[in-house]
Amino acid sequence: QMLGRVVHDPGGAEGAPGATEGLGLLPTATEIAPAECKIVAPRKAALRRQSGRERIAVEGFELHCGRTELISDGDDRQAVPLLRFENGEEGGLSVGTVRGTYLHGILRSADARYELLAAHDERFSELQHLAGGAAEDPLDRLASHLENCGLNYETVSR
């Protein structure tokens with residue numbers, strides 16, 4: 001939402017009613033509508049590589065309240081869908097190296113993390129060996145570490 005040009009919140013669901021200027025990195029406008037909140041879980045999709053080569057399999061869940069629309073004003077010509085879901089729907093948006101999606105959990109994939117965060121910057125080329133799906137998810141590694149340290153979830157959650 002904030003990668004777009006504006007977020008309209010007429011009902012004040014996320015603060016004072018009104019509009020908030022976004023970062024303007026994507027040609028989109030979002031209108032928040034709590035009555036339209038939906039969670040779509042789980043969803044599988046193919047992440048479009050910026051290079052146009054094969055896609056990367058990702059999965060996660062969508063959570064959004066309202067709708068985000070493309071602003072057609074000339075700047076949208078370079079905008080392409082970021083994801084293609086199993087049912088053929090397209091989602092997310094990519095303009096140059098800026099990418100946005102409502103698919104939460106997409107960064108669990110080592111390939112997706114590399115593609116989205118490092119593939120387009122030569123300074124991070126040494127991280128390519130982490131892609132390929134073989135790298136353990138850092139959240140799983142953290143969870144294992146906390147369990148091995150004796151963290152008791154029942155005690156912490158009280």
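User: A surface patch is built from residues with over 30% relative accessible area and no salt bridge, nonpolar side chains being joined within 5 Å. In this predicted model, which residues make the nonpolar surface patch of about 350 Å²?
Analyst: One of the members, Leu 151, lies in the loop between helix H2 (138–148) and helix H3 (153–156). Leu 151 has a relative accessible area of 45% and is therefore partly exposed, and patch residues need over 30%. The full membership of the nonpolar patch of about 350 Å² is Leu 142, Leu 146, Leu 151 and Val 156.

User: In what order do the elements of the protein run from the N terminus on?
Analyst: The secondary structure comes to three helices and nine strands. Read from the N terminus on, the strands and helices follow the order β-β-β-β-β-β-β-β-β-α-α-α.

User: Which residue stands opposite Phe 61 in E9?
Analyst: Strand E4 (residues 56–70) pairs with strand E3 (residues 28–47) in the antiparallel sense over 14 bridges, and within that pairing Lys 38 stands opposite His 64 in E4. E4 is also joined by two bridges to strand E9 (residues 103–104), again in an antiparallel arrangement. In E9, the residue opposite Phe 61 is His 104.

User: Which elements give two or more residues to the largest nonpolar core?
Analyst: In soluble globular proteins, nonpolar side chains tend to be buried together. Here the largest nonpolar core has ten residues in all, namely Ala 45, Leu 47, Ile 56, Val 58, Leu 82, Leu 83, Phe 85, Leu 103, Ile 106 and Ala 112. Leu 103, one of these core members, touches residues including Ala 45, Val 58, Leu 83 and Phe 85. The elements that supply two or more core residues are E3, E4 and strand E5 (83–85).

User: Is Leu 93 buried or exposed?
Analyst: Leu 93 has its place in strand E7 (residues 93–95), and its contacts beyond four places in sequence include Leu 26, Leu 70, Val 80, Leu 82 and Val 98. Another contact of Leu 93 is Ala 79, 14 residues apart from it in sequence, with a C-alpha to C-alpha distance of 6.4 Å. Because the relative accessible area of Leu 93 is 13% and the cut-off is under 20%, Leu 93 is buried.

User: With which residue does Arg 99 form a salt bridge?
Analyst: Arg 99 has a partner whose closest N and O atoms are 3.6 Å apart from its own, and that partner is Glu 115. The pair links distant parts of the chain, 16 residues apart, with Arg 99 in strand E8 (residues 98–100) and the partner in helix H1. Both residues are buried, and the partner in H1, at 4% relative accessibility, is Glu 115.

User: How far apart, N to O, are the side chains of Glu 90 and Arg 84 in their salt bridge?
Analyst: Unlike the buried pair of Arg 99 and Glu 115, Glu 90 is partly exposed, with a relative accessible area of 45%, and Arg 84 is partly exposed at 37%. A salt bridge requires the nitrogen within 4 Å of the carboxyl oxygen, and the value for Glu 90 and Arg 84 is 2.9 Å.

Note on methods. Residues numbered from 1 in each chain as written. Predicted model: local features only at pLDDT ≥ 70, side-chain atom pairs only at ≥ 80, totals over all residues. Heavy atoms only, no water. Patch = residues over 30% accessible without salt bridge, like charges linked within 9 Å, V, L, I, M, F, W, Y side chains within 5 Å. Areas by Shrake-Rupley, 256 points an atom, 1.4 Å probe, with all protein chains shown as cover. Helix = DSSP H or I, 4+ residues; strand = E, 2+ residues; numbered from the N terminus. Buried < 20%, exposed > 50% of the residue type's maximum accessible area, 1.4 Å probe, protein only. Pairing = 2+ DSSP bridges. Core = buried A, V, L, I, M, F, W, Y, C linked by side-chain atoms within 4.5 Å. Contact = heavy atoms within 4.5 Å.
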